[in-house]
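Thanks for asking me to look this one over. Here are my notes, in a few numbered points, to read with the structure open beside you.

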Amino acid sequence: MDYIGEHLLPGKLGHFVVFLCFAASLVSLIAFYKAATAKNIEEERSWKRFARVAFAIDFISVVSVFATILYIISNHLFEYNFAWEHSSKALDMQYLFACIWESQEGSFLLWTFWNCVLGTILIFRAGKWEAPVMTVLTFVQVCLSTMILGLFLFGAKIGINPFLLMRQQFGDGPMFSRPDYLSMPQMQDGQGLNSLLQNYWMVIHPPVLFLGFASTVVPFAYAIAGLWKKQYGAWTKIALPWTLFSACVLGTGVMMGGAWAYESLTFGGYWAWDPVENASLVPWLVLVAGLHTQLVYNATGHSLRATNFFLIFSFLLILYATFLTRSGVLNGVSVHAFVDEGLNAQLVVFLLTFVIPSLILFAIRYKNIPHIVKEESTYSREFWMFIGSLVLFLSALFISVSTSLPVINKIGNTKWTIGEDTSFAYNRIEIFIAIIIGLLTAITQYLKYKDTTRKYFVKKILIPTIFALAISISISVFGNINYDKYGAGFLTAIHLALFGAVYAVIANAGYIWAGLRGKVKAAGASVAHVGFGLMLVGILLSSSKQKILSINTTGINLPFDPSSKQNPLENLTLLKNVKTDMGTYWTTYVNSDSMNKAGNITYFKINFQRKDGSHEFNLYPNLIKTTKGQQGVSQNPDKYHYVNSDIFTYVTYTDKMEEDKDTTGFKRYPIAANDTIYYSKGYMVVNKITPNPSNNKFHFTPADTALMADITVYGNDSTHYKASPAFFVKNNRLNALADTVFEQNLALSLNGVASNNKLELGVKESNRLVPYVSLKVIEFPQINILWIGTLIMITGFIMSIVRRIKMRLSVV
């Protein structure tokens, strides 16, 4: 059958380039392996040249696949499943790239792209390590390229083809029996980008995070190459800038994810120990542990075994995180895990392909890895750096096991959980990790490698200790830290962790001058540690002093979905244009008239005014219609930045969520004075009927012909309210003026004269009588310290990377 309007050429070219990508990466792998095992230099050079050409073709192919997908999306070629499932005509141009990495195949493609970039740099910079290191990297590249093949081999699915046509994906659909199926209404637009991903952070966060994922392969490849070639410690100085780079980028990606959650999700913060967040954090913790033992080995010869172990495991944990987040095992547990798309077996094979050989190689070579038998001195820098690395690894192990409970339950047919209070289940352990790491970060740099005299150490550390004690005690006493939700023990741990964090900041800042004598270029590690300490301070203060501002003072309780886990006492309902008390603020719901161009995002203008009149600002939390054919909306928060705190808010409920549900009409009742009418929540009494009323809220004049009913509404909860519906005649036309009892969801309308000299009263019970919005508003004190600390830590990493590269170039 010839289908009308299909554009088949982009898909055919794209699929061809996908296979070219796989073939080129496979050829490159074989050639680099042959170069690594060559018997002489000429043979090695010949294979290297061939491998480089194949790798270049692979790189060009990956870019071509990207470009083809982007062409299909941007031109709205909805005959392709990728464009139909992940994009729409209403989507802003900035989110076209986000459409690519929303999908499984697109995110693997992004990983493959970064692998190509890193491989290209290694080809020019790795020197004698090029062949063995690139053998490992191209092996990863081959495995990644299989994820977008879209083949069925002996009934097994290998990868997802990003160039499938709709009629290929849904071949049994009756609409595809028509040659003009593209003219049908359902094919005129796509399903759109997931509403949670329509945020500017999702344009930049995934590329950075996937660069972090991809970069872990470089230290891993150097470690494997060293074990393979039995050059156990020859690679550690060359690979150090790469380990620094990987730790920097992966850490940045993780924190960008926190910023995205803070901006787009209703976690009520930046971190909720979500399984997908944890899956990214764990490899970073192990990688940082490996970075520190790598520094130890380069300086003293200790901890080479630990360095190999940590750097190998950091990459293996990336692969495990890939399995966790893409197999569907976390679906329903995490807000941003992928669903199962039939790749489970391939993901397991991908993981085991690297886990089994690398761990076997490490086990075989373990005894041959150089190891200094003499124990390190407890007054040496390397001893405490190793202890710190071990603590980071144990922290990662705890988080990893807890996050893996869905997998463990599936394998063992168990029902283990970490408890209802997920955050506390992690925090009760990690608070002690923070104490230890904070203290070690403070004191370790004041110790020398190999040994330090006690007198020297005490002399150098004494002043930073005194300052840190004074500052942390001041914060504890005057900082209003009274987080007693989990008892005095946990509160004490918070104060101890706060001391450790402040100690890390003061001691490392002091070390730049006392230990390095102001040599800022050599202070990358200290700067990074200052940033890390500030991050801990920001986390501790913003979490322990977090305050709910939206205490329900109105008594209006809304029907929250139980799955939302919203506490009605922590959600304040605002009626439109009604100034409402919210602690230190007067808050007003101004309007919800503003929408984006596509009409799928509604912005709520909320005015905040301090009661002392010192400041006023507006926030615009919004609701975005869900995509993928689902009903409902997703909430996007908004926040206002003070220097010392953030005011964070999001919509938890609104009358707009009921637009499709309110089909209630007015019930009509004949009434006279002293009549009683019943409704679902109580009854109402007609006190009197007043003709041409004066001094009333409707402002009738003596010239008007009007009647007003004086009604008292009695609720079943013993409350009572006044209502005054009325009608008047003007220009020979009857005009009804309804009155509303918001608290009882009642609208009363006096419609005119009924039979038997009675008036007709219309009664409507509805929860949409007036525009309203329910908000959760949270104050995060000192949260800016966290973001400032993050930037300083990243700066410290960059300083260290630049310095190590310069040191290496000076040696060469």
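1. A definition to begin with: two strands count as paired if DSSP finds at least two bridges between them. Please also keep in mind that this is a predicted model.

2. With that in hand, have a look at β6 and β7. Strand β7 covers residues 601–610, and β6 pairs with β7 in the antiparallel sense over eight bridges. For a concrete pair to find on screen, try Asn591, whose bridge partner in β7 is Lys605.

3. On the other side of the story, β6 (residues 585–595) is also joined to β5 (residues 580–582), by three bridges, and these two strands run antiparallel. Here Thr580 has Thr587 in β6 as its bridge partner. What links β5 and β6? They form a hairpin with two residues between them, and Gly583 in the turn has a positive phi of about 65 degrees.

4. Further along the chain there is an open sheet of four strands, ordered β13-β22-β21-β20, with antiparallel pairing. The edge positions belong to β13 (667–671) and β20 (739–741); each has a single partner strand, so one side of each is left without a neighbour in the sheet. On average, neighbouring strands of this sheet are turned by 30 degrees against each other, direction ignored.

5. Staying with edge strand β20, its antiparallel link to β21 (residues 746–753) consists of three bridges. One pair to inspect is Thr740 with its bridge partner Ala747 in β21.

6. Now for the helices. How are α1 and α2 packed? Helix α1 (residues 8–36) and helix α2 (residues 41–74) meet at an angle of about 155 degrees, their axes 7 Å apart. Angles over 145 degrees count as roughly antiparallel, and α1 and α2 are therefore roughly antiparallel to each other. Their crossing is left-handed. Sorted by class, the contact of α1 with α2 has 20 nonpolar, six polar and five charged residues.

7. Finally, a word on cysteines, in case you are planning around them. How many disulfides does the structure hold? The count is zero. Cys21 is in no disulfide, and the nearest cysteine sulfur, that of Cys116, is 6.4 Å away; the cut-off for a disulfide is a pair of cysteine sulfur atoms within 2.5 Å. Is Cys21 buried or exposed? Buried means under 20% relative accessible area, so Cys21 counts as buried at 1% relative accessibility. Cys248 counts as buried too, at 8% relative accessibility.

How values were computed: Residues are numbered from 1 along each chain as its sequence is written. This is a predicted model: local features need pLDDT of at least 70, side-chain atom pairs count only at pLDDT 80 or more; totals for chains, interfaces and linings use all residues. Side-chain values use heavy atoms; hydrogens and water are left out. Axes are lines fitted to C-alpha atoms, for helices over the stretch in contact, and angles run from 0 to 180 degrees between N-to-C directions. Angles under 35 degrees count as roughly parallel, over 145 as roughly antiparallel, 65 to 115 as roughly perpendicular and the rest as oblique. A crossing is left-handed if the near helix is turned anticlockwise from the far one by less than a right angle, and right-handed if clockwise. Ala, Val, Leu, Ile, Met, Phe, Trp, Tyr, Cys and Pro count as nonpolar, Asp, Glu, Lys and Arg as charged, and the others, Gly among them, as polar. Buried means under 20% relative accessible area, exposed over 50%, partly exposed in between (1.4 Å probe, protein chains only).
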